[in-house]
Amino acid sequence: MFGGGGGGLDPRKMEQMMKQMGIDVEELDATEVVIRTGDGEELVFTDADVTRMDAQGQATYQIVGEPESREASAGDDAGEAAIEDADIPADDVEIVAMRTGASEDDARSALEATDGDLAAAVERLESEPQ
């Protein structure tokens, strides 16, 4: 259906197609990835390949590796706040601040309130009375 064998598209051709569609792909040099589930378990990836894809203002992360399961550790609130801040990329904060003329703190607050949606954060800041 898609041609014979070869395991799919040439990686360079795939990268060109993704750039044309406005998708930016970046390999991250992650040393550890931790996923905390609602039932008190952690999935810990210590040697994972992590890829970030940015498309239409939305970041998607792909983790490839085998996790270890462990019971979630009791973290302090400061650690959780640092994780929440890491959810909003600095580039996104800068884009919203530049677009709206708002401070970076206001831009970050708007992004947090809109779950990282760039367009909604800009709209939110532009609609606020000056």
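1. Helices (H or I, at least four residues) and strands (E, at least two) are taken as DSSP runs, numbered from the N terminus. On that basis the protein has five helices and six strands, in the sequence pattern α-β-β-β-β-β-β-α-α-α-α.

2. The model is predicted: local features need pLDDT of at least 70, side-chain atom pairs count only at pLDDT 80 or more, and totals for chains, interfaces and linings use all residues. Residues are numbered from 1 along each chain as its sequence is written, and side-chain values use heavy atoms, with hydrogens and water left out.

3. Of the 130 residues, 18% count as buried (buried means under 20% relative accessible area, exposed over 50%, partly exposed in between; 1.4 Å probe, protein chains only). The exposed surface is about 9,900 Å², of which carbon and sulfur atoms supply 48% (Shrake-Rupley method, 1.4 Å probe; for residues, only the protein chains shown count as cover). Among contacts (heavy atoms within 4.5 Å) between residues at least 6 apart in sequence, 42% join residues at least 24 apart.

4. Helix α1 (residues 11-20) has one buried residue out of 10, so it lies largely in the open. Gly22, just after α1, has a positive phi of about 80°.

5. An open antiparallel sheet has three strands in the order β1-β4-β5 (two strands pair if DSSP finds at least two bridges between them). Its edge strands, β1 (23-28) and β5 (58-64), each pair on one side only. β1 and β4 (residues 49-55) are joined by six bridges, and Ile23 has Ala55 in β4 as its bridge partner.

6. β2 (residues 33-36) and β3 (residues 41-45) pair antiparallel over four bridges, with Val34 opposite Val44 in β3. The two strands form a hairpin with four residues between them, and Gly40 in the turn has a positive phi of about 80°.

7. There are four salt bridges in the structure (a side-chain nitrogen of Lys or Arg within 4 Å of a carboxyl oxygen of Asp or Glu). Arg36, Glu42 and Arg70 are linked in a network of them. The N to O distance is 3.1 Å for Glu42 and Arg36, and 2.7 Å for Arg70 and Glu42. The latter pair links distant parts of the chain, with Arg70 in β6 (residues 68-71) and Glu42 in β3, 28 residues apart. Glu42 is buried at 1% relative accessible area, whereas Arg70 is partly exposed at 41%.

8. Arg99 and Glu126 also meet in a salt bridge (2.8 Å, N to O). Arg99 lies in helix α3 (residues 90-100) and Glu126 in helix α5 (residues 118-127), so the pair ties together parts 27 residues apart in sequence. Arg99 is exposed at 54% relative accessible area; Glu126 is partly exposed at 43%.
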